[in-house]
Amino acid sequence: MEPAERPAPPAASGRDLRLDLFRGLALWFIFLNHVPNNVGNWITNRNFGFSDATEIFVFISGYTAAMVYGRQLDSSGVLVTSARILRRAWQLYVAFIFLFVIYLAEISYVVGSFENPLYAEEMGALQFLAEPDVALVQALLLKFRPANMDVLPLYIVLLATFPPILWALKRWADATLGASFLLWLAVQFLGFNLPGYPDDRMWFFNPFAWQLMFVFGGWCGLGGSDRLAGLVHSRVVLALSVLYLALSLAVVTSWYWPPMEGFVPPAIGDIIYPISKTDLSVLRFLHFLALAVVIVRLIPVHAAFLRWEILKPLIMCGQHSLEVFCFGVFLSFAAHFVLNEVSGTVLMQLTMSVSGIALMVGLSALLSWYARAERDRAARKRAG
């Protein structure tokens, strides 16, 4: 979302660096949250309110997809743009299968080498070890997803179904967002979801619910954020947002800190619980909106510090989100293994957290260097 006035973009490319910054931050938080019994994940936003890094990632993905493919829709037409979106969804699908194979190989090797079947149970790989042929087919259908791999299938489904939604957003933006909201509302009351594997499981991130966050991001990316500028910059809205963030912090703190136990009266608890992540509870969605209002007020699009060197690692990770996410899933299990088999001290937990993030940054730096080299080579070819 952008402020009411439209200042000069923060980068020569016109790219809103806030999107890359917070997508990179979301990827770091996802990695930290995927490492069990890790003191490092106490800094992530899930411990300070109802929403977490997933909302940030899905919203920004919808925002950037609408901006990029929305321009292509104007210049290249519906068919070509739809083909490009589906090609990107196919690339995500191939990445998921590749990650699935590597991830399961990693888990299977550890289970066999250390004779500890608990790893397979913890990481949701028991079905693969019991019937690998069936599990592989179910993975190809996106129904079997080991632990920590749920976000990518959600993104695949949201992007694969995006062509008609993008077309509708370009023509009837508000009506399309309204239809998305009605679908989300129906999920809250009817509870439908996509089936998973084994048969008694459903998708952890219900696509029928989470499409609202993606479509809302797309709506904002196609101009909706400009139309919300008046609300975002209202002092009343800012005050309400800060109040809601403070209340959600108090509620979440009451889950972990004994002195705060009983903060939520039973009558209120009966209304607000469970705060479903699977179906994108209204409290989670409102928490994300409140957080977005505060962030937009604190960090305008032209903020000079967005170009500080210290923030480059976050921005680079956000610019290579697919590769960094896949690498983070692999690293999270490696860190979990080290903490279980080598040492689980606080120092080791911090070491694994920092090392994992450093490796993710290293990968993003390598990819950025390679992309620059390819652009330079192409420029020299054209010049020659």
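In this predicted model, helix H3 passes helix H7 in a left-handed crossing. H3 covers residues 78-114 and H7 covers residues 151-160; the two pack at an angle of about 165 degrees, with axes 9 Å apart. Angles over 145 degrees count as roughly antiparallel, and H3 and H7 are therefore roughly antiparallel to each other. On the H3 side, the contact is made by Ile85, Leu86, Arg88, Ala89, Leu92, Tyr93, Ala95, Phe96 and Leu99. H7 brings Leu152, Pro153, Tyr155, Ile156, Leu159 and Ala160 to this contact. By class, 14 of the contact residues are nonpolar, none is polar and one is charged.

H3 also packs against H2, at an angle of about 145 degrees and with the axes 7 Å apart. Here H2 contributes Tyr69, Gln72, Leu73 and Ser76, while H3 contributes Val78, Val80, Thr81, Arg84, Ile85 and Arg88. This contact of H2 with H3 has five nonpolar, three polar and two charged residues. Ile85 and Arg88 of H3 take part in the contact with H2, and both are also listed in the contact with H7.

The next topic is enclosed space. The structure holds three cavities of 30 Å³ or more. The largest cavity has a volume of about 260 Å³. It is lined by 14 residues, and those closest to its centre are Phe22, Phe59, Ile60, Ala292 and Ile295. Helices H1 (17-33), H2 (53-76) and H14 (282-298) each give two or more residues to this lining. H14 gives the most, with five residues.

The second largest cavity holds about 60 Å³ of space. Its lining consists of Phe57, Arg88, Leu92, Val151, Leu152, Tyr155, Ser321, Leu322 and Phe325. H3, H7 and helix H16 (321-341) are the elements that give two or more residues to this lining. Arg88, Leu92, Leu152 and Tyr155 line this cavity and also belong to the contact of H3 with H7.

The structure also has pockets. The second largest pocket contains about 670 Å³ of space. Among its 30 lining residues, His34, Asp150, Phe204, Phe205 and Lys277 lie nearest its centre. H1, H2 and helix H12 (235-256) each supply at least two residues of this lining.

The table sets out the volumes and the classes of lining residues.

| Space | Volume | Nonpolar | Polar | Charged |
|---|---|---|---|---|
| Largest cavity | about 260 Å³ | 12 residues | no residues | two residues |
| Second largest cavity | about 60 Å³ | seven residues | one residue | one residue |
| Second largest pocket | about 670 Å³ | 15 residues | seven residues | eight residues |

Some details of the backbone remain. Most residues other than glycine have a negative phi, and most peptide bonds are trans. The peptide bond from Tyr197 to Pro198 is cis, with omega near -5 degrees. Pro198 sits in the loop between helix H9 (173-190) and helix H10 (207-227). A cis peptide bond also runs from Tyr273 to Pro274, with omega near -5 degrees. Pro274 is placed in the loop between helix H13 (266-272) and H14. H14 is also the helix that gives the most residues to the lining of the largest cavity.

Asn148 is not a glycine, yet its phi is positive, at about 80 degrees. Asn148 belongs to the loop between helix H6 (132-140) and H7.

Key: Residues are numbered from 1 along each chain as its sequence is written. This is a predicted model: local features need pLDDT of at least 70, side-chain atom pairs count only at pLDDT 80 or more; totals for chains, interfaces and linings use all residues. Side-chain values use heavy atoms; hydrogens and water are left out. Axes are lines fitted to C-alpha atoms, for helices over the stretch in contact, and angles run from 0 to 180 degrees between N-to-C directions. Helices (H or I, at least four residues) and strands (E, at least two) are DSSP runs, numbered from the N terminus. Angles under 35 degrees count as roughly parallel, over 145 as roughly antiparallel, 65 to 115 as roughly perpendicular and the rest as oblique. A crossing is left-handed if the near helix is turned anticlockwise from the far one by less than a right angle, and right-handed if clockwise. Contact means heavy atoms within 4.5 Å. Ala, Val, Leu, Ile, Met, Phe, Trp, Tyr, Cys and Pro count as nonpolar, Asp, Glu, Lys and Arg as charged, and the others, Gly among them, as polar. On a 1 Å grid over the protein atoms alone, a cavity is a set of points where a 1.4 Å probe fits but cannot get out, and a pocket is an open set with protein on both sides within 12 Å along at least five of seven lines; lining residues have an atom within 4 Å of a point. Grid points are joined across faces, edges and corners, and a volume is the space filled by probe spheres set on the points.
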